[in-house]
Every structure is written in structure tokens, then in C-alpha cells.
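Hi,

Here is the structure I promised to send over. Have a look at it first, and then read on for what turned up.

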Amino acid sequence: MIATVGLAIGIVFLAELGDKSQLMALTFALRYRWWVVLGGIATATAAVHVISVAIGHFLGAALPTTAIAAVASITFLAVGLWTLRELVTDRDDEEPAPSRFATTAPFFVVLSAFLLAELGDRTMFATAALATDNNWAAVWVGSTIGMVAADALAIAAGILVGKHLPERAIGFGSGLLFLFIGALTGIDTAVPGLGLAGAAGIALLVPAVAALVLWLLRARAAANRPATGATTPEIPQHRGGGLY
């Protein structure tokens, strides 16, 4: 059983290196406390993998993976747009107000996002395949540890990056990353023949366009804003027929 746990840890950890789940973990770590992100990832991973090892590849074949990926794509795009929306009307000398997604149940935001992203993912199928020939409990424990360990590296990177960036830059970067993840998920699902590199190249256009639109909106808002420091000319006051 120990050997199976080690095998599952190694396979899942290597499979997750460079995967979109690490990018998701880094993005969430820019917005939420690290233990909230790690807890949400661990809970979602344990739930998904216990399903995969319990029913095996039969469940994997029955999952509506395309529909799940579409919902996940829309969710990430919505979170990205909402995060960037907070930056449109903020003044340059003020820190942006925290996004609604950053102030309401962040644990459940992370949990639901990873559940949608991991259902039908390649890691789930790998876990199901391992469980067909090995102890299911060992595979479940090992695969969960492997994925959490891989995503913990991304969380650590997010913490290091976040310490050196202002709140506005974090909001801008995380919003664009959410848009990229959503676009990548949608394109990879709709056109699987493109491969990861091709889908990523096209998906980069979405945050690029969003950044351009955000810049134009903020430039227009700055142009329409009254100039600071402007004074109203004094009007001479007449008192009793004399000018003072």
C-alpha cells in the first residue's frame, strides 16, 4: 500500500507540473490567504479523486466533460471580468475596493473553481486508471497529496509575487490570469486538436484585448475627471459702494 501511495504521488505531482491548475492556484494566491486557497484545493482534490478511484474509468467515460469544461470556462471568464471591473472607475491615487469575489466566501470560490476544473481532467482519468489495478484508498491518498503538493508550489510563488506588488497590480494581474484560464479551458475543449501550445497562444488574445479596453476606459475616465488643484477665480466684493 505504501508503494501505491508513493506511485500515485509521483505520477500526479509530475502530471500537475505546468498544468493549468498550478496557474489557478497562483492566481487565487494573489487574491486570498494561502491557507484558504490550499484548503479549497485539498478539499476539491479529495472529492474529485475519491469519485474517480471509487468508480474508476467507468465514471470517467460517463462524465459530461465538455459541459463541465464549458461551465468552468464561463466561470473563470466571469471572475476575471468582475475583478477588472473594479479597476475601471478607481482613482489612480486610491487603492481599488476589494472585489466581491475577494470578500464573500473565498473558500467556496476556490473549492467550486477547482471542482469544475478537475472533473474530467487528465489527472482524474490517470487516478481512475491507477485504481483499477491498485488499492483504491492508497491511490486516493497518494493522488490527493501529489496534486496538493504541486499546487502548493504555485501558491508559494503567488505569495512571493504578491509581497512585491501593490493591490492595484495584483487585481489587474489576477483578473487577466482568470481571463486567460477561462479562454484556455474553452478553446482547449472546443478545439482539442490545437494542443496546449496552440490553445494558449490563442487564449492570450483575450487578456490582451481586455487590458487594452481597460486602459482605454481608464484613460477616458482620467480625461473627463476635473483637474486637481484648480482654483476658482476670486470675484471682487462690493461693500457700501467701495471696492475692497
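A word on terms before anything else: a residue is called buried when its relative accessible area is under 20%, exposed when it is over 50%, and partly exposed in between. By that yardstick, 39% of the 244 residues of the chain count as buried. Do keep in mind that this is a predicted model.

**Overall layout**

The chain has 12 helices and 2 strands. Going along the sequence, the twelve helices come one after another and the two strands follow them.

**The core**

In general, nonpolar side chains in soluble globular proteins tend to be buried together. Here the largest nonpolar core has 23 residues, and the ones with the most contacts inside it are M24, F28, V37, I41, F76, V110 and F114. At least two residues apiece come from α2, α3 (34-55), α5, α7, α9 (136-163) and α10. Helix α7 supplies the largest share of this core, 6 residues.

**The pocket**

If you want a place to start looking, try the largest pocket, which has a volume of about 520 Å³. It is lined by 22 residues, and D19, K20, D121, R122 and D188 are the closest to its centre. The helices that give two or more residues to the lining are α2 (20-31), α5 (65-85), α7 (106-118), α10 (167-190) and α11 (195-203). Helix α5 gives the most, with 5 residues. As for the chemistry of the lining, it divides into 9 nonpolar, 8 polar and 5 charged residues.

**Two helices with a buried side**

An α-helix has 3.6 residues a turn, so residues three or four places apart point the same way. Two of the helices are worth a look with that in mind.

Take α12 (residues 205-224) to begin with. Its 20 residues should span 28 Å at 1.5 Å a residue, and the end C-alpha atoms are 29 Å apart, which agrees. Which residues of α12 are buried? They are P207, A210, L214 and R218. These buried residues cover an arc of only 65 degrees around the axis, so they sit on the same side of α12. On the other side of α12 you will find L205, W215, R220, A223 and N224, which are exposed.

Then there is α8 (residues 122-133). Helix α8 has 12 residues and reaches 18 Å from first C-alpha to last, close to the 16 Å expected at 1.5 Å a residue. Its buried residues are T123, M124, T127, A128, L130 and A131. Seen down the axis, the buried residues of α8 fall within an arc of 165 degrees, so they line one face of the helix.

**Two residues to click on**

L77 is in helix α5. L77 counts as partly exposed because its relative accessibility is 25%, and partly exposed covers the range between buried (under 20%) and exposed (over 50%). The C-alpha atoms of L77 and G182 are separated by 5.0 Å, although the two residues are 105 residues apart along the chain.

I187 is found in helix α10. With a relative accessible area of 18%, I187 is buried. Measure from its C-alpha to that of S73 and you should get 8.9 Å, for a pair 114 residues apart in sequence.

Cheers

Definitions and conventions
Residues are numbered from 1 along each chain as its sequence is written. This is a predicted model: local features need pLDDT of at least 70, side-chain atom pairs count only at pLDDT 80 or more; totals for chains, interfaces and linings use all residues. Side-chain values use heavy atoms; hydrogens and water are left out. On a 1 Å grid over the protein atoms alone, a cavity is a set of points where a 1.4 Å probe fits but cannot get out, and a pocket is an open set with protein on both sides within 12 Å along at least five of seven lines; lining residues have an atom within 4 Å of a point. Grid points are joined across faces, edges and corners, and a volume is the space filled by probe spheres set on the points. Helices (H or I, at least four residues) and strands (E, at least two) are DSSP runs, numbered from the N terminus. Ala, Val, Leu, Ile, Met, Phe, Trp, Tyr, Cys and Pro count as nonpolar, Asp, Glu, Lys and Arg as charged, and the others, Gly among them, as polar. The expected span of a helix is 1.5 Å times one less than its number of residues. Buried means under 20% relative accessible area, exposed over 50%, partly exposed in between (1.4 Å probe, protein chains only). The arc is that of the directions from the helix axis to the C-beta atoms. A nonpolar core is a set of buried Ala, Val, Leu, Ile, Met, Phe, Trp, Tyr and Cys residues joined through side-chain atoms within 4.5 Å.
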